[in-house]
Amino acid sequence: MGNVATEARELELEQHRVELTGYCYRMLGSSFDAEDAVQETLVRAWRNLARFEGRSTLRSWLYSIATNVCLDMLNGKERRARPMDLGPAMEPIASNLHTLPEVTWIEPVPDGLVVPADGDPAEVAVARETIRLAFVAALQHLPPRQRAVLILCEVLRWQASEVAELLDTSVASVNSALQRSRATLAATDLSDATTPAQLDEADRELLARYVEAFERYDMEALTSVIQEDAQQSMPPYDLWLRGRDDIFTWWLGPGAGCRGSRVIPTTAANGSPAFGQYKPSPNGGYDPWALQVIEIEDGKIVELTFFLDTERLFPLFGLPARLES
């Protein structure tokens, strides 16, 4: 009987993993840190399960542990950022390409790790919207406790009294933190652009045209799918580009090594379509180059983020280490 009870408790804790990972990802801006935080949360919960007195729900108790884990992990750390957070768009020339070792970048997350597969459609839509790269980056402007208050109240729809209990503070303090966090978020000029929660046939056709045109490196065909004021970034480089003309100038200039790439679809990232890009290898076949995360608005591509840390990201997204010819 003991083993059955133990397995039941483990299952009860485990069923909260996805939503806890989503919470920790919004707090930390890193899929890897979020997974570590949730694992630590579940370990602490398991160790202390005998002392859980049931004065709150198990879910609330787990969120309390997860919040403390995240606050500990954020203590003394610089906020994660996107290239757009650090300065204006720059000219598409190689001399503007720099890595900044002092900057820790926002990392993408597979939707499956943080969005419930069978949740209420409205809740799933909110979950996808609030893991968008721009939204997660905006959250990083908030002090950690304000960040927790905003996510719990605005994203997860907790009552101020519930958040006050979780954070061991007053309702007035929670409401004050919420007001300040909303003001900070408003000042970040968060874009309204968002990829639709469900891609329709037109969106899927748009992405197919993009992939075909990119693999052919056909700028004329790409012009019809990329919006004129689109933007592109390439973490871990600080350079970001605004405008289709500058993007194409980069692709035909310093980025010309991408000609002849293969682009294969993978699981969605941050509520948006994602692709693995592989560049031609001098030794034959194709080497990993970037995880492309693409945002769509009104039938056009409005943002392309090329995450270049393929060694860590491709396994996370189930992408092969390289492609053969």
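This tour moves through the structure stop by stop, from a helix to a sheet and then to individual residues in loops.

The model is predicted, so local features are given where pLDDT is at least 70 and side-chain atom pairs count only at pLDDT 80 or more, while totals for chains, interfaces and linings use all residues. Residues are numbered from 1 along each chain as its sequence is written, and side-chain values use heavy atoms, with hydrogens and water left out.

**Stop 1: helix 2**

Select residues 17-28, which form helix 2. Helices (H or I, at least four residues) and strands (E, at least two) are DSSP runs, numbered from the N terminus. The end C-alpha atoms of helix 2 are 16 Å apart, which agrees with the 16 Å that its 12 residues should span at 1.5 Å a residue; the expected span is 1.5 Å times one less than the number of residues.

Colour the helix by accessibility next. Buried means under 20% relative accessible area, exposed over 50%, and partly exposed in between (1.4 Å probe, protein chains only). Of the 12 residues of helix 2, 9 are buried, so the helix is largely enclosed by the rest of the structure. Among them are Tyr23, Cys24 and Tyr25. The buried residues pack against helix 3 (31-48), helix 4 (58-74), helix 5 (111-114), helix 6 (121-129), helix 7 (133-139) and helix 8 (144-155), where contact means heavy atoms within 4.5 Å.

Within helix 2, centre on Thr21, which counts as buried at 4% relative accessibility. Leaving aside neighbours within four places in sequence, Thr21 is in contact with Ala34, Val38, Leu113 and Val114. Just after the helix, Gly29 takes a positive phi of about 70°.

**Stop 2: the sheet**

Now display the strands. An open sheet of 6 strands has the order 2-1-6-5-4-3, with mixed pairing; two strands pair if DSSP finds at least two bridges between them. Strand 2 and strand 3 stand at the edges with a single partner strand each, so one side of each is left without a neighbour in the sheet. The twist averages 25° from one strand to the next. Axes are lines fitted to C-alpha atoms, for helices over the stretch in contact, and angles run from 0 to 180 degrees between N-to-C directions.

Add helix 11, which packs on the sheet and touches strand 3, strand 4, strand 5 and strand 6 (300-307). The direction of helix 11 makes about 145° with that of strand 5. Helix 13 (residues 244-252) lies across strand 1, strand 2 and strand 6, running at about 55° to strand 1.

At one edge, strand 3 (residues 262-269) and strand 4 (residues 272-280) pair in the antiparallel sense over 6 bridges. Val263 stands opposite Gln277 in strand 4. These two strands form a hairpin with 2 residues between them, and Asn270 in the turn has a positive phi of about 50°.

**Stop 3: loops**

Select Gly285, in the loop between strand 4 and strand 5 (286-297). Gly285 counts as buried at 7% relative accessibility. The C-alpha atoms of Gly285 and Leu323 are separated by 5.7 Å, although 38 residues apart along the chain.

Most residues other than glycine have a negative phi, and most peptide bonds are trans. Asp168 has a positive phi near 55° and is exposed, with a relative accessible area of 71%. Tyr217 also has a positive phi near 55°, but is buried, with a relative accessible area of 5%. Finish at Pro235 and Pro236, where the peptide bond is cis, with omega near 20°.
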